[in-house]
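Hi,

Here is the structure I promised to pass on. Have a look at it first, and my notes follow below.

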Amino acid sequence: MVNSLILLERGYSNPPRQADLANVKALRGAIIVMAVGAFEAYLRDLMDDLSSMLADHFRDHRRYDLDRLPDDIKVGFYFLTLELALKGPRYTQSRKIDRLDDIRKACANLVAGQFDGEAYKNTAGNPNSEVIKGLFTQFGDRNFFNGVRPEFDRRWGKEEAQAYLTLKVNEILEYRHKIAHTADVSGITRQYAKESAKFIKILVEATDVYSRRNLASIIQACQIP
């Protein structure tokens, strides 16, 4: 969908004629909003996939030792599972009495060491750099941006400044907020919209490779000889 918007915007002259200005601004703003939305949806799916990786392995307590997991993973597992059971899914309301069945199931999952993907998906909203760091800390990685950097640089084709990833993520998120809340697309050029969409695409690709590989190595370290 983002690529379709980029192609539509490219059909206008640059800079646009006055008669086309509103359409071009709308398309450039939509490129940013849709790219960030796709990134957020990807992170939710990834949290589900990573938690499934944990569940698939630690279901067999004879082969994998839950206690060997990094503390960050264990803390996330217990607290996120209980928070989802106690509060329910995001953007929903329910009475405490209606939460009892989910609380019982959550406690049973904790005792059995079963990871709940829904609990992790609840944490992936508004993915600025701090939120992203928190997501991957839950999976034992406190240095996500440093860790993903080599894979990103390889795909990006050049090495950027050390803080480039965090600054760029936050910059694009700020533009998304401004567009969504004020419909202000000033400062978004054709080049910026195209480069931002490319940045998010490559960050997703690099994240997918790096995060799965990193979690696989953590799981491997928990294998019982």
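Lys74 is partly exposed in this predicted model, with a relative accessibility of 21%. That puts Lys74 just on the partly exposed side, because buried means under 20%. Its side chain meets that of Asp71 in a salt bridge, 3.6 Å from N to O. Asp71 is exposed, at 55% relative accessibility. Both residues sit in helix H3, three residues apart, or about one turn of the helix.

While you're on helix H3, which spans residues 71–87, look at Tyr78, which also lies there. Tyr78 is partly exposed, at 35% relative accessible area. What does Tyr78 form together with Val75 and Phe79? The three make a nonpolar patch on the surface, with about 300 Å² of accessible area together. Tyr78 can count towards that patch because patch residues need over 30% relative accessible area, and Tyr78 has 35%.

Back to charges. Side chains of opposite charge can pair when their charged atoms come close. The count of salt bridges comes to 22, and here are a few more of them.

Asp20 and Arg17 meet through their side chains at 3.0 Å, N to O. Is each partner buried or exposed? Asp20 counts as buried, at 12% relative accessibility, whereas Arg17 is exposed, at 54%.

Asp101 pairs with Arg104, and their closest N and O atoms are 2.8 Å apart. Both are in helix H4 (residues 100–112), again three residues apart and about one turn of the helix. Asp101 is partly exposed at 48% relative accessibility, while Arg104 is exposed with a relative accessible area of 54%. There is also a network: salt bridges that share partners join Glu151, Arg154, Arg155, Lys201 and Glu205.

Now the cysteines. How many disulfides does the structure hold? Zero. Two cysteines to compare are Cys107, partly exposed with a relative accessible area of 36%, and Cys222, buried at 1%.

One pair to check by eye is Asn3 and Lys198. They are 195 residues apart in sequence, and their C-alpha atoms are 9.7 Å apart in space. Asn3 is in helix H1 (residues 2–10), and Asn3 is exposed, at 55% relative accessible area.

Stepping back to the whole chain: the secondary structure comes to nine helices and zero strands, so you can read it as α-α-α-α-α-α-α-α-α from the N terminus on. The C-alpha atoms fill a box of roughly 65 × 45 × 25 Å along the principal axes. Of the 225 residues, 43% count as buried. Among contacts between residues at least 6 apart in sequence, 76% join residues at least 24 apart. The accessible surface comes to about 12,300 Å², and 53% of that belongs to carbon and sulfur atoms.

Last, a word on confidence. The mean pLDDT of the chain is 91, with 97% of its residues at 70 or more. Where is confidence lowest, and where is it highest? The lowest is in helix H5 (residues 117–121), at a mean of 68, and the highest is in helix H9 (residues 190–221), at 97.

Cheers

Notes
Residues numbered from 1 in each chain as written. Predicted model: local features only at pLDDT ≥ 70, side-chain atom pairs only at ≥ 80, totals over all residues. Heavy atoms only, no water. Patch = residues over 30% accessible without salt bridge, like charges linked within 9 Å, V, L, I, M, F, W, Y side chains within 5 Å. Areas by Shrake-Rupley, 256 points an atom, 1.4 Å probe, with all protein chains shown as cover. Salt bridge = Lys/Arg side-chain N within 4 Å of Asp/Glu carboxyl O. Helix = DSSP H or I, 4+ residues; strand = E, 2+ residues; numbered from the N terminus. Buried < 20%, exposed > 50% of the residue type's maximum accessible area, 1.4 Å probe, protein only. Disulfide = S-S within 2.5 Å. pLDDT = per-residue confidence, 0-100. Contact = heavy atoms within 4.5 Å.
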